Amino acid sequence: MYIDKFPVKGRFNGFGGQFVPETLMPALEELEKAYLKLKKNEKFRQKLDRYLREYAGRPTPLYFAERLSEHAGMKVYLKREDLLMTGAHKLNNTLGQALLAKHMGKTRVIAETGAGQHGVATATVAAMLGLKCDIYMGTVDMERQRLNVFRMRLLGARVIPVKSGTRTLKDAVNEALRDWTANVKTTHYLLGSVVGPHPYPMMVRDFQRVIGKETKEQIIKAEGRLPDAIIACVGGGSNAIGIFYDFLDDPVELFGIEAEGRGLKTCMHAAPLCAGSEGVLHGSHTYVMQDKFGQILPTHSISAGLDYPGVGPEHALMKLRGRVRYDSVTDEEAIEAFKLLSETEGILPALESAHAIAYLKKMPRKFRDRLIVINLSGRGDKDVEVAAKATGVEM
Amino acid sequence: MSRIAAKFEELRRKNEGALIAFVTAGDPTISATPKIAKTLEDAGADIIELGLPFSDPIADGPTIQAAAERALKSDMNTDAYFATIKKIRKTVKVPLVCLTYFNLVLKRGVGRFMKDCRESGIDGVIIPDLPVEEAKEVIEKADDNNVDVILLAAPTTTEERMKRILDSTRGFVYLVSLLGVTGARKKLSRTVRDMINLAKKSAKKNVPTAVGFGISSSKHVREVIESGADGAIVGSAIVDIIAKNIVNEKKMLRDMHNFVAKLKDATRT
């Protein structure tokens, strides 16, 4: 049995840990203590529930995608996190952490963002709760996710361009960690995925678990039984863990889909679980993409949100235990799925989520006519420009 | 007694503070590093820290990030690093300390990394993303090879944590002078004196203290030593001299010599 067993002392067996400068250690201790205390506080839970319901729009629907099902030869339900306020699952976590930060007396939040979804979700709650907000974003991502940059600014956040390293999500995390080191007394680092040092992988998972909890109730209500499989895309892995977690002890097969970019045999991908090795990045022992000396390698994915060389340590453990099957789909397959869902269901998926949709085609044969749930983690309005470019359309 | 401990002992007898100089190995080129190390020693550096560059140096500010990028572009890697150290050891006598991030140690294998340290002539290692909680195996394997694992303490470090850090550190304790990343600062942080006092008060045995981060002038070095520290660590200000003179190695070494000699003077209070 798996649920609530990990982490133990900040570890998912050998994975996880706290590989950060000493300056941050007392802050991580303080954060863990505050979180564990607040987690048991009934008033806090009610408050968070109320925001999730009345502000964010939970529960999100579980939608039977009839035409997609016909096309795929499987009975496919979509968990509609794309309908959550701000357009992705990220808000579940930012609401939880921002309330926690406020409770801890912090006046400022900072965050990293890749696709901009976490940045927007952070800027949103910061505006609502009256917190100062700075978002770090690589300049490559700022270019390909321009719409979200503007959204964050509209919400009153400062978007700080990151020009170091590969100028993507990884470097935005580096800069956010550096900022936090300098401003740790007043600032909460609102990390957006199940990565980073303990307690983040645990805390972000807990805030995202709501996806799986709802899905379980909804599918039982709709079908009278559990699904045969669940598919979710994996960058850092927060939407995947969110939907997987409450099914971990059930006979449900779980598929985590990484970004294969231009192919695992090229160096142009972002699939550390499928093609990386064990290492330490951003405070956590996990799977990373690295060279033989341990230098972190540049990544590539058409989806900015998956374009990251590491992955949550709990995913590393589930890979090792074989509880989740990790596989990958290419940029091209993701674009195809982006079009497929648009044309069959009238839903534009985020390019991240399109990776999960694309996997339908690659599902093992035994799943023919079986019951599948896909976590549609975000909506694709932000990706229209990138999709146009990828399909050779001039805008 | 380790070479680092012996150095602090020697300086204590002479009533001097230690000047610890940092540069990134391979910056601007692999072939320049032995000359730079020799210059630092000749100018009076008591201990030399040689950074093994990592792609994602989260504890470093822009100056040392840029140095790491230059070094990685010059093909510096872990193999080249230890080969360079061997070369440096032929002429340089002062203790050498490797500063790097944990992933590079883990990837090589902690045991093998420490053995390479010993065999190439590295006396100590500083791993800024390895807090005391995660350091147990590293310290054991370093001890087996007579390599000192130098732990860091920060302005946020509580008394309880300071005790654990002092119990586990080897050679000296690295006091991070400010909240933030490495990089030259105009003024010395006000927390320095408090940290030195806390470290002195909390130590069960004599653990030398050295203050780093933001120390960029003779004035800072003097203040640090007068505040009771046993050493001052200067990094970004020296790396700046490299960055400004990439095309003129002669001038780089001359400017570095003059600057470091002045810093060393400031440790003789």
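How many nonpolar, polar and charged residues are in the lining of the largest cavity? The legend to Figure 1 gives the count by class: eleven nonpolar, 17 polar and four charged residues. The views below are taken from a predicted model. The predictor assigns the complex an ipTM of 0.97 and a pTM of 0.97.

**Figure 1. The largest cavity and its lining in chain A.** The space in this cavity amounts to about 360 Å³. His89(A), Lys90(A), Leu169(A), Gly236(A) and Gly305(A) lie nearest the centre, out of 32 lining residues. Two or more residues of the lining come from each of β5 (108-113), α5 (117-129), α8 (169-183), α10 (238-244) and α14 (351-358) of chain A. The structure holds nine cavities of 30 Å³ or more.

**Figure 2. The second largest cavity, with central lining residues from chain B.** Its volume is about 190 Å³. The lining consists of 22 residues, and Asp60(B), Ile64(B), Tyr174(B), Thr182(B) and Phe213(B) are the closest to the centre. By class, 14 residues of this lining are nonpolar, six are polar and two are charged.

**Figure 3. The largest pocket, with α1, α2 and α9 of chain A in its lining.** The pocket has a volume of about 650 Å³ and is lined by 20 residues. Nearest its centre are Asp49(A), Leu52(A), Asp206(A), Val210(A) and Lys213(A). The elements that contribute two or more residues are α1 (25-39), α2 (42-56) and α9 (200-223) of chain A. Of these, α9(A) gives the most, with eight residues. Eleven residues of the pocket lining are charged, eight are nonpolar and one is polar.

**Figure 4. The open sheet of chain B.** Nine strands, paired in parallel, follow the order β5-β4-β3-β2-β1-β9-β8-β7-β6. The edges are formed by β5 (148-149) and β6 (152-153) of chain B, each of which pairs on one side only. Within the sheet, β2 (residues 47-51) and β3 (residues 96-99) of chain B run parallel and are joined by four bridges. Glu49(B) has Val97(B) as its bridge partner in β3(B). The mean pLDDT of chain B is 96, and 100% of its residues reach 70 or more.

**Figure 5. Helix α10 of chain B across three strands.** The helix, residues 218-226, lies across β1 (18-24), β8 (209-212) and β9 (231-234) of chain B. Relative to β9(B), helix α10 of chain B runs at about 150°. In the strand order of the sheet, these strands fall within the stretch β1-β9-β8.

**Figure 6. Two cis peptide bonds in chain A, at Pro7(A) and Pro59(A).** The bond that joins Phe6(A) and Pro7(A) is cis, with omega about 0°. Pro7(A) is placed in the segment before β1 (11-12) of chain A. The peptide bond from Arg58(A) to Pro59(A) is also cis, and its omega is near -5°. Pro59(A) is located in the loop between α2 and β3 (62-64) of chain A.

**Figure 7. Arg167(A), a residue with positive phi.** Although Arg167(A) is not a glycine, its phi is about 60°. The residue is found in the loop that lies between β7 (158-162) and α8 of chain A.

Key:
Residues numbered from 1 in each chain as written. Chains lettered and ligands numbered in written order. Predicted model: local features only at pLDDT ≥ 70, side-chain atom pairs only at ≥ 80, totals over all residues. Heavy atoms only, no water. Pairing = 2+ DSSP bridges. Contact = heavy atoms within 4.5 Å. Axes fitted to C-alpha atoms, helices over the stretch in contact; angles between N-to-C directions. 1 Å grid on protein atoms, 1.4 Å probe; cavity = no way out; pocket = protein on both sides within 12 Å on 5 of 7 lines; lining within 4 Å. Points joined across faces, edges and corners; volume = space filled by probe spheres on them. Nonpolar A, V, L, I, M, F, W, Y, C, P; charged D, E, K, R; others polar. pLDDT = per-residue confidence, 0-100.
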